[in-house]
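Biologist: Hello! I am new to this structure and would love a close look at one part of it. Could you show it to me, please?

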There are 2 protein chains.
Amino acid sequence: MVRWEPGTPERLQEAALELFAVHGFEQTTATAIARSVGLTERTFFRHFADKREVLFYGQDRFVQAFLTGIEAAPRDAAPLEIVASALRSVAAFFPDDRRSSSRKRQDVINHNPALQERERHKFASLATTLADALRARGVDELPATLAAQSGTTVFEVAFTQWIREGEQRSLADITVDVLRELRNLSTTTG
Amino acid sequence: MVRWEPGTPERLQEAALELFAVHGFEQTTATAIARSVGLTERTFFRHFADKREVLFYGQDRFVQAFLTGIEAAPRDAAPLEIVASALRSVAAFFPDDRRSSSRKRQDVINHNPALQERERHKFASLATTLADALRARGVDELPATLAAQSGTTVFEVAFTQWIREGEQRSLADITVDVLRELRNLSTTTG
């Protein structure tokens, strides 16, 4: 009998990121990840199809955080205000105690072209999902597409800054700054 | 002796798009493309490493069109105005007589995940190149990144509309409309 307990995938993910950081993604096996937290390879594969999946665990909740924020926006909000609400919601998904593991995860991805591609695909899908959600609220197709893509860009830029070595601000605060810069793009001179 | 003549890659590209549209990308060989315009497989491979390359031929000039537009912008232009100048320049790269072949090319890409990935990668690289060019003009890092990404998004959205069946407006005119929508994202209500 396999013992199921809440938090097993999270423990495996944390262990995996540590091992990837020390030994490299290619050199780390699923077995090694499982053993490092006293679990079996079999338990690993009950939670993840392969070790790549560990890096993308929680993606559904990540997307859901955006959607929750879209729903929370006032009825008459402008498209970019709806997106700002989504970004506030997703920032709460990344409290500061996740910064270190988020940084480790990104390091692994930045060193592996196939993982980079999957990450790009993830954000392209996210933009499509957000545009659908904006249209479902009655936003026209073109502004929905542009606002969804802008929101995805702001998230990526803010997140990249959040995990930069030495950065102290919260993701929420950085996001506010990035959104402000986005709004100023057509007024501030270069 | 291989006879070199200007326009050979363009002839091969046009022939390839036609054959891809009729028979599908997978089913069309380099030999068939070459023969359809009276050339040999050997000539094909002098111009293209494989048939995928045919779809991405001209990419350097495409990027250069953006960069030329960035250079042409007034010294004190706001980041988004510099990007608008880049978009005007690249719109001239796609006159209406390219609309039909651009539509055929996109159809092939939209039906092939590996080509879609290459297309995503192309636009990610484009955004990086544009951000570098904006920084080289003195734009700060954050607005440079955001303006470059916004410009790439506007191009993709406008281009998708331009090749839609029944669309009559020029890419330049569509781009102006999309840029206006982008500027209005924070003011118009959803």
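What covers the buried residues of α6(A)?

Modeller: Happy to help! This is a predicted model, in which local features need pLDDT of at least 70 and side-chain atom pairs count only at pLDDT 80 or more, while totals for chains, interfaces and linings use all residues. Residues are numbered from 1 along each chain as its sequence is written, chains are lettered from A and ligands numbered from 1 in the order in which they are written, and side-chain values use heavy atoms, leaving out hydrogens and water.

Now to your helix. The cover over the buried residues of α6(A) includes α5 (59–72), α8 (113–136), α9 (141–162) and α10 (171–184) of chain A. Helices here are DSSP runs (H or I, at least four residues; strands are E, at least two), numbered from the N terminus. Buried means under 20% relative accessible area, exposed over 50%, and partly exposed in between, with a 1.4 Å probe and protein chains only.

By that rule α6(A) is mostly covered, with 10 of its 13 residues buried. Among them are P79(A) and L80(A), and the run from I82(A) through V83(A), A84(A), S85(A) and A86(A) to L87(A) is buried too. V90(A) and A91(A) are also on the buried list.

The length of the helix can be checked as well. The expected span is 1.5 Å times one less than the number of residues. Helix α6 of chain A has 13 residues (79–91), so it should span 18 Å, and its end C-alpha atoms are indeed 18 Å apart.

Stepping back, chain A holds 10 helices and zero strands. Of its 190 residues, 50% count as buried. Its C-alpha atoms fill a box of roughly 55 × 35 × 25 Å along the principal axes. Contact means heavy atoms within 4.5 Å. Among the contacts in chain A between residues at least 6 apart in sequence, 64% join residues at least 24 apart.

There is a second copy to meet, too. A rotation of 180° with 0.0 Å of shift along its axis superposes chain A on chain B, at an RMSD of 0.0 Å. The superposition is by least squares on the C-alpha atoms of residues with pLDDT of at least 70 in both copies. The two copies are therefore related as by a two-fold rotation axis. The same surface serves both of them, since 100% of the contact residues of chain A recur in chain B.
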